[in-house]
Amino acid sequence: MRSFIAGLPKCELHLHIEGTLEPELKLALAERNGVPLPHSTVEEVRAAYEFDSLASFLVGYYDGMRVLLTEPDFYDLATAYLRRASAQNVRYAEIFFDPQAHTSRGVPFDVVIRGLRRALLDAERTWGVRAQLIMCFLRDFQAEYAMATLLESLPYREWIVGVGLDSDERGNPPEKFAEVFARARREGYLLTMHCDVDQENSTEHIRQCLEVIGVDRIDHGVNALEDPALVAEIARRGLGLTVCPISNGYVTGDRKTDAIRRMLDLGLRVTINSDDPSYFQAYVGENLEAVHEALGLTAAELVRLEHNAFEVAWLPRTIRDALL
Ligand code: ADE
Ligand code: ZN
């Protein structure tokens, strides 16, 4: 089944580009930009990763970004990811980026997006892998900063397919960003939000995504299974759930594969994704293997997972059909 998984055409829908920063590239960019790091080897960088919760993961995730300063840095970051994705037969990826994690450090928005955009165009020409960008707002910052970021993105509207919400969920419910997401919708962006696994108020946050925000997709969303009304509504709307099992294992101690089994059995559009593959040392292929190992999925079920992802991808039907 390993080679079956390797050969399966894949669609990645939950991937933070800043979470793909491998230690080798981090060290190289630190050297290029003259950014002092406390580590000088790949092993030392990896040994410093220690997370057992979303909050402890986010500390290392934001710290790692200090080496990303110029347009070529963002180009190199996204190119490295797309090269690896293409080697795993990823045909299409929707890539999150966190502009506020950079503008808050003095790196201009246009530097970030131009580097990413150039990488996407070159990767499609070089490896045939397609990708689109989803701009995430950091939920632990003020809604006003998210709105300012949304307005700053408008000149690049054609380069961004949708908006998301990530970072520390504690005390930062979806409704805090209702106005920002309503404006994003009016500007033509599609909408998604993280409802991370086993957070305080997870089911209430999923309810707000459905009833207050009107999302087009939910990132993670595993806790919906605790409430039959949420499951029924997600099924009725045909919403995709972008689940990240190895990431879940790091931040909660449980890969939530039993939940994936239930979602499949319920006919929900569950998809398997990698989240922050450098930090969790697993790209989408390894995530599919982990689910297969835990659940003994059939080939048809593995195909179903990827089919779900292509179905809920934010692509015009003709392009999606050509990729399948
Ligand atoms: N930013 C990067 N990875 C994240 C995750 N898993 N949850 C919330 N915010 C994130
Ligand atoms: Zn995520």
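This note goes through the sheet, one helix and the ligand surroundings of a predicted model.

1. Overall sheet. Eight strands form an open sheet in the order β1-β2-β3-β4-β5-β6-β7-β8, and the pairing is parallel. At its edges are β1 (10-16) and β8, each of which pairs on one side only. Direction ignored, neighbouring strands of this sheet are turned by 25° against each other on average. As background, strands of a sheet pair through backbone hydrogen bonds, either parallel or antiparallel.

2. Pairing from β1 to β4. Strands β1 and β2 run parallel and are joined by five bridges; within this pair, E12 has A93 in β2 as its bridge partner. Six bridges join β2 to β3, again in parallel, and here E94 is partnered by Q132 in β3. Strand β3 (residues 130-138) then pairs with strand β4 (residues 160-166) in the parallel sense over six bridges. M135 stands opposite V163 of β4 in that pairing.

3. Burial of the strands. Strand β2 is largely enclosed by the rest of the structure, because eight of its eight residues are buried. Strand β4 is mostly covered, with six of its seven residues buried.

4. Y92 as an example from β2. Y92 sits in strand β2 (residues 90-97). It counts as buried because 23 other C-beta atoms lie within 10 Å, where the cut-off for burial is 20 or more. Not counting residues up to four places away in sequence, Y92 touches C11, R130, A131, A313, L315 and L323. Of these contacts, R130 and A131 fall within the residue range of β3, and C11 falls within that of β1. V42 is 50 residues from Y92 along the chain, and the C-alpha atoms of the two are separated by 29 Å.

5. Helix α12. This helix (residues 245-252) is mostly covered, with six of its eight residues buried. The buried residues are P245, I246, S247, N248, Y250 and V251. They pack against α4 (54-64), β7 (240-243), α13 (257-266), β8, α14 and α15 (284-295). After α12 comes G253, which has a positive phi near 85°.

6. Annotated positions. An unreviewed UniProt entry gives the feature "binding site" for H14, H16, H194 and D275. These four gather at one spot, because no two of their C-alpha atoms are more than 11.7 Å apart although they span 262 residues in sequence. UniProt also places the feature "binding site" at D276, likewise from an unreviewed entry. A reader should keep in mind that such annotations may be inferred rather than shown by experiment.

7. H16. This residue is found in strand β1, which is one of the two edge strands of the sheet. H16 is nevertheless buried, because it has 25 C-beta neighbours inside 10 Å. Leaving out residues up to four places away in sequence, H16 touches F96, D98, D275 and D276. Two of these, D275 and D276, carry the UniProt "binding site" feature as well.

8. D275 and D276. D275 lies in the loop between β8 and α14, and D276 lies in the loop between β8 (269-272) and α14 (277-280). D275 is buried because 31 other C-beta atoms lie within 10 Å; D276 counts as buried because 28 C-beta neighbours lie inside 10 Å. With neighbours within four places in sequence left aside, D275 is in contact with H14, L15, H16, G19, C244, S247 and F280. On the same basis, D276 is in contact with H16, G19, Y61 and S247. S247, a contact of D276, is also one of the buried residues of α12.

9. Surroundings of ligand 1. The residues around ligand 1 are H16, G19, L54, Y61, D166, S167, H194, D196, S247, D275 and D276. By class, this shell has two nonpolar, five polar and four charged residues. H16, H194 and D275 in the shell are also among the positions that UniProt annotates as "binding site" in an unreviewed entry, and D276 in the shell carries that annotation too. The shell also includes G19, Y61 and S247, which are contacts of D276.

Terms used: Residues are numbered from 1 along each chain as its sequence is written. Chains are lettered from A and ligands numbered from 1 in the order in which they are written. This is a predicted model: local features need pLDDT of at least 70, side-chain atom pairs count only at pLDDT 80 or more; totals for chains, interfaces and linings use all residues. Helices (H or I, at least four residues) and strands (E, at least two) are DSSP runs, numbered from the N terminus. A residue is buried if 20 or more other C-beta atoms lie within 10 Å of its own, exposed if 12 or fewer, and partly exposed in between; C-beta atoms are placed from the backbone. Two residues are in contact if their C-beta atoms, placed from the backbone, lie within 7 Å. Two strands pair if DSSP finds at least two bridges between them. Axes are lines fitted to C-alpha atoms, for helices over the stretch in contact, and angles run from 0 to 180 degrees between N-to-C directions. A residue is near a molecule or strand if its C-beta atom, placed from the backbone, lies within 6 Å of it. Ala, Val, Leu, Ile, Met, Phe, Trp, Tyr, Cys and Pro count as nonpolar, Asp, Glu, Lys and Arg as charged, and the others, Gly among them, as polar.
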